[in-house]
Amino acid sequence: MIEFREKVCCSDVSVKVGRGALRELESLPGRKCIVHPKSLKPDVKGDLEIAVEDGEKGKDLRNALEIVDKLLEHDFTRGDYLVAVGGGTVLDVAGFSASIFMRGLNLVNVPTTLLGMVDAGIGGKTGVNYGKAKNMIGTFYQPSLILDDLSFLDTLPTEELRRGLAEVVKYALVLDKELYDFLSLNHSSVLNKEESALEKVISSSVRDKLAVVAEDERETKGVRIVLNFGHTIGHAIEAGSDFTVPHGLAISVGMVCEAKIAEEMGYAEEGVVEDVLWLLQLFGLPISLEQLNAKIDVEKALIAMTKDKKRRGEEVLLPFPTRIGNWRGVRVPLETLEGFAKQCLGGN
Ligand SMILES: NC(=O)c1ccc[n+]([C@@H]2O[C@H](COP(=O)([O-])OP(=O)(O)OC[C@H]3O[C@@H](n4cnc5c(N)ncnc54)[C@H](O)[C@@H]3O)[C@@H](O)[C@H]2O)c1
């Protein structure tokens with residue numbers, strides 16, 4: 001079991017990564033409300049259990065309010081715990097409920113997908129969908145404990161594992177050269193879910209993301225933006241495909257495009273694009289639009305890109321890889337970005 005702790009603003013976040021990490025719940029004081037998806041009933045005893053719908057449907061504002069209703073009905077108080085067990089969708093909706101209930105109920109995240117373990121469960125962003133506003137309602141709220149129990153990954157399909165690996169590759173490319181080297185040498189152990197390899201990639205990813213979040217919790221200092229590498233073009237691809245392309249695959253192609261832009265604009269050292277392509281291919285992740293096998297409406301993609309939450313006036317702050325494990329933020333005029341994006345998306 002790998003254990004560590006990071007201070008994020010005014011909260012201490014403890015992390016445990018390893019098979020059996022879930023048992024840690026037994027020693028929590030106070031009452032526990034376990035929120036989990038209908039399809040996955042975890043082997044944990046709670047004082048209250050709430051099953052939410054699977055996937056994106058479960059991430060609705062109404063579900064968050066239903067959780068709050070049940071907490072009130074069962075007299076939960078701020079000393080009690082909300083334990084979110086599930087993929088990123090469940091973590092997002094449950095985290096949001098915990099953050100608004102009595103201005104904050106103790107939150108424990110127990111991610112059950114690789115994406116949840118290396119990304120959604122860390123960093124304190126919560127979000128719900130409301131009508132057409134996807135992820136537009138949310139809070140910053142840190143869990144006090146994150147339990148990454150590897151036994152959940154036994155049942156996770158390889159395709160879901162791969163999607164989470166896209167985020168792991170992202171950390172390696174812009175933040176962590178040591179992780180890049182590890183992934184290059186151990187890709188088959190990771191894809192075969194060998195325990196020590198998974199423990200290593202998950203704990204490195206959590207440390208990398210938490211360190212960034214500790215420096216810039218609310219995305220106000222131009223540091224947390226690094227986590228957006230591949231996501232500007234990636235989101236455009238998702239939107240242009242009417243969200244038929246899964247997020248992890250879209251950001252995989254997005255990282256290739258953004259690395260190429262960085263190189264063309266003279267910010268990335270020679271060879272960075274090849275290094276990006278090499279690692280993504282080792283994990284069977286797509287490196288071109290053709291490999292996504294999806295119809296992309298370029299116009300729709302570009303509109304989504306210009307509406308991106310990260311846009312500031314006529315510029316977009318992009319995190320560019322400079323060399324493996326390093327990055328810098330660059331303000332790119334929207335027009336320039338659109339030109340490059342058209343090239344990547346084949347609209348030119
Ligand atoms: N808050 C954040 O910082 C943040 C970051 C990244 C992503 N997200 C959000 O996370 C969501 C995506 O997360 P996700 O990819 O985990 O999706 P998900 O929660 O929909 O889970 C993916 C699928 O895997 C299944 N599943 C979950 N655990 C399983 C297990 N152990 N074995 C077998 N199947 C299992 C789920 O039922 C679901 O069908 C999106 O809504 C995204 O917006 C949030």
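Biologist: How many residues surround the ligand, and which are the closest?

Modeller: A residue is near a molecule if one of its heavy atoms lies within 4 Å of it. Here 22 residues surround the ligand, and the closest are Asp-54, Gly-88, Thr-89, Thr-112 and Thr-113. This is a predicted model, in which local features need pLDDT of at least 70, side-chain atom pairs count only at pLDDT 80 or more, and totals for chains, interfaces and linings use all residues. Residues are numbered from 1 along each chain as its sequence is written, and side-chain values use heavy atoms, with hydrogens and water left out.

Biologist: Which residues divide the shell into nonpolar, polar and charged?

Modeller: Ala, Val, Leu, Ile, Met, Phe, Trp, Tyr, Cys and Pro count as nonpolar, Asp, Glu, Lys and Arg as charged, and the others, Gly among them, as polar. The shell around the ligand comprises 5 nonpolar, 9 polar and 8 charged residues.

Biologist: What separates a polar side-chain atom of Asp-54 from an oxygen atom of the ligand?

Modeller: A polar contact with the ligand is a pair of N or O atoms within 3.5 Å. For Asp-54 the distance to a ligand oxygen is 2.3 Å. A polar side-chain atom of Lys-59 lies 2.9 Å from an oxygen atom of the ligand, and for an N or O atom in the side chain of Thr-113 the value is 2.7 Å.

Biologist: Where in the chain does the shell around the ligand draw its residues from?

Modeller: Domain bounds come from an automatic or database domain assignment. Domain 1 (1-151) and domain 2 (156-343) each contribute at least three residues to the shell.

Notes. A polar contact is a pair of N or O atoms within 3.5 Å; within protein, one must be able to donate a hydrogen and the other to accept it, and residues adjacent in sequence count only if both atoms are side-chain atoms.
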